[in-house]
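Please walk me through this structure, starting with the overall fold and ending with a single residue.

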Amino acid sequence: MRRALLVSQKFFKGKEATNFLNTQLYHELFDIEKAVDEGFAQFIEDHIKKLDRFTAYHKANCTGEGCELCQTTLIT
Ligand SMILES: [Zn+2]
């Protein structure tokens, strides 16, 4: 997905970029069993809630340089 974002920034603009990213997102979601079982909208909503909770937790607990939470893939 990160690669798709870079490609879209380089080659597409506006609605074309959105369409390209949506297509890439659905391709990736089909490979995630939990996303297929729950439905994509529910899976994305749950993921966003987890990210919000993680962000709030990290904000309160960031130790600055060398912080393990800063290294996690959830926020990169
Ligand atoms: Zn941190």
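Helices and strands are taken here as DSSP runs, with at least four residues for a helix and at least two for a strand, and they are numbered from the N terminus. The model is a predicted one. On that basis the protein chain holds 5 helices and 0 strands. Read from the N terminus on, its elements follow the order α-α-α-α-α.

The overall dimensions come next. Along its principal axes, the C-alpha trace of the protein chain extends over about 40 × 35 × 20 Å. The radius of gyration of the protein chain is 15 Å, whereas a compact globule of 76 residues would have one near 11 Å. Burial can be read in the light of these values: 0% of the 76 residues of the protein chain count as buried.

The protein chain is also divided into domains. Domain 1 covers residues 1–31, and domain 2 covers 34–76. Taken over C-alpha atoms, the centres of domain 1 and domain 2 lie 21 Å from each other.

A single residue can serve as an example. Asp52 sits in helix 4, the element made up of residues 40–61. Why does Asp52 count as exposed? A residue is called exposed if 12 or fewer other C-beta atoms lie within 10 Å of its own. Asp52 has 10 C-beta neighbours inside 10 Å, and therefore it counts as exposed.

Asp52 can also be set against Asp37. In sequence, Asp52 and Asp37 are 15 residues apart, while in space 23 Å separate them, C-alpha to C-alpha.

Methods. Residues numbered from 1 in each chain as written. Predicted model: local features only at pLDDT ≥ 70, side-chain atom pairs only at ≥ 80, totals over all residues. Rg over C-alpha atoms; globule rule 2.2 N^0.38 Å. Buried ≥ 20, exposed ≤ 12 C-beta atoms within 10 Å, placed from the backbone. Domains from an automatic or database assignment.
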